Amino acid sequence: MEPTALLDILSVAERLKCGTRHCFTSSGRPESIAEHSWRLALMALLLRDEFPEADMNRVIGMCLIHDLGEAFTGDIPAFQKQECHRDRETHSLRNWFCSFPEPAKTEFTGLLDEMEAQSTEEAKIYKALDRLEAVIQHDESDLSTWIPLEYELQFTYGSENVKFSPYLQRLKAEIDRRTAEKISSAGTDAGTKEI
């Protein structure tokens, strides 16, 4: 890839460092979109041995590019995101990928197609990890940053996505156990607090 093309792509991707998500870090500051994508890719790398039949390099690629569309749209929390938001994000991402030089254009577009179809094991792993990373981060943030609907969402978000994998089901069960413990240790009025 020519240096000018690489730098142009990285300049757009840098917006994910500046864009924040709905969630907060354990230190109390808003999480960046890039931080979510980085830790999601790290999860995939750490879980290579759990999925020996899967091409985890493809999964890591999906993790790294899955939120690149938010460089154009910003982050919209999952509980507010509607089909029109998803369409706009995907359209912006596809248009941008079309400007990439080959072979990156074909590779990134192919990964996006696979992610959307959700028919391969790799795409299912990516999607499940994406959901799980979000609930893990919420568990690491202070309860004062949660909104009321998140007390239930912590348990339901991602639960359908992990059903294809016994390992991911066990991981989700452990996350749920930690969520329940966090809420319980905060007292009975935690779920009713408005922010």
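1. Position of Q80. In this predicted model, Q80 lies in the loop that runs between α5 (70-73) and α6. Its relative accessibility is 46%, so Q80 counts as partly exposed. Q80 and A34 are separated by 46 residues in sequence, and their C-alpha atoms are 20 Å apart in space.

2. Helix α6. The loop that holds Q80 leads to α6, a helix of 16 residues covering 83-98. From its first C-alpha to its last, α6 reaches 22 Å, close to the 22 Å expected at 1.5 Å a residue. Which residues of α6 are buried? They are E89, S92, L93, W96 and F97. These residues cover an arc of only 135° around the axis, which puts them on the same side of α6. A general point on helix geometry is useful here: an α-helix has 3.6 residues a turn, so residues three or four places apart point the same way.

3. The cis peptide bond and A104. The loop between α6 and α7 (104-117) contains P103. The peptide bond from E102 to P103 is cis, and its omega is near 5°. A104 belongs to helix α7. Is A104 buried or exposed? With a relative accessible area of 9%, A104 is buried. A104 and L42 are 62 residues apart in sequence, with 22 Å between their C-alpha atoms.

4. Backbone at Q118. Q118 is found in the loop that connects α7 and α8 (121-140). Although Q118 is not a glycine, its phi is positive, at about 50°. The relative accessible area of Q118 is 24%, and it is therefore partly exposed.

5. The β1-β2 hairpin. Strand β1 (residues 20-24) and strand β2 (residues 30-32) run antiparallel and are joined by two bridges. T20 stands opposite S32, a residue of β2. Five residues lie between the strands of this hairpin. Which residue of the hairpin takes a positive phi? It is G28, with a value near 100°.

6. Salt bridge between E35 and R29. A search of the whole structure finds 16 salt bridges; three pairs are described in this note. As general background, side chains of opposite charge can pair when their charged atoms come close. The side chains of E35 and R29 meet in one such bridge, at 2.5 Å from N to O. E35 counts as partly exposed because its relative accessibility is 26%. R29 has a relative accessible area of 40%, so it is partly exposed as well.

7. Salt bridge between R39 and E133. Where in the chain do the partners R39 and E133 lie? The side chains of R39 and E133 form a salt bridge at 2.8 Å, N to O. This pair links distant parts of the chain, with R39 in helix α3 (residues 33-46) and E133 in helix α8, 94 residues apart. R39 counts as buried because its relative accessibility is 19%, which lies under the 20% limit for that class. E133 also counts as buried, at 0% relative accessibility.

8. Salt bridges in helix α10. E181 and R177 both lie in helix α10 (residues 166-186), where four residues, about one turn of the helix, separate them. Their side chains meet in a salt bridge of 3.2 Å, N to O. With a relative accessible area of 48%, E181 is partly exposed; R177 is likewise partly exposed, at 41% relative accessibility. Salt bridges with shared partners join E174, R177, R178 and E181 into one network.

9. Nonpolar surface patch. Which residues make the nonpolar surface patch of about 410 Å²? The patch is made by M1, L6, L7 and L10. M1 is placed in the segment before α1 (3-13). The relative accessibility of M1 is 57%, so this residue counts as exposed.

10. Points for a new reader to inspect. On the backbone, the cis bond from E102 to P103 and the positive phi of Q118 may be viewed in turn. Among the side chains, the pair R39 and E133 links helix α3 with helix α8, whereas E181 and R177 both belong to helix α10. On the surface, M1 contributes to the nonpolar patch together with L6, L7 and L10.

How values were computed: Residues numbered from 1 in each chain as written. Predicted model: local features only at pLDDT ≥ 70, side-chain atom pairs only at ≥ 80, totals over all residues. Heavy atoms only, no water. Patch = residues over 30% accessible without salt bridge, like charges linked within 9 Å, V, L, I, M, F, W, Y side chains within 5 Å. Areas by Shrake-Rupley, 256 points an atom, 1.4 Å probe, with all protein chains shown as cover. Salt bridge = Lys/Arg side-chain N within 4 Å of Asp/Glu carboxyl O. Buried < 20%, exposed > 50% of the residue type's maximum accessible area, 1.4 Å probe, protein only. Pairing = 2+ DSSP bridges. Expected span 1.5 Å × (residues − 1). Arc of directions from axis to C-beta.
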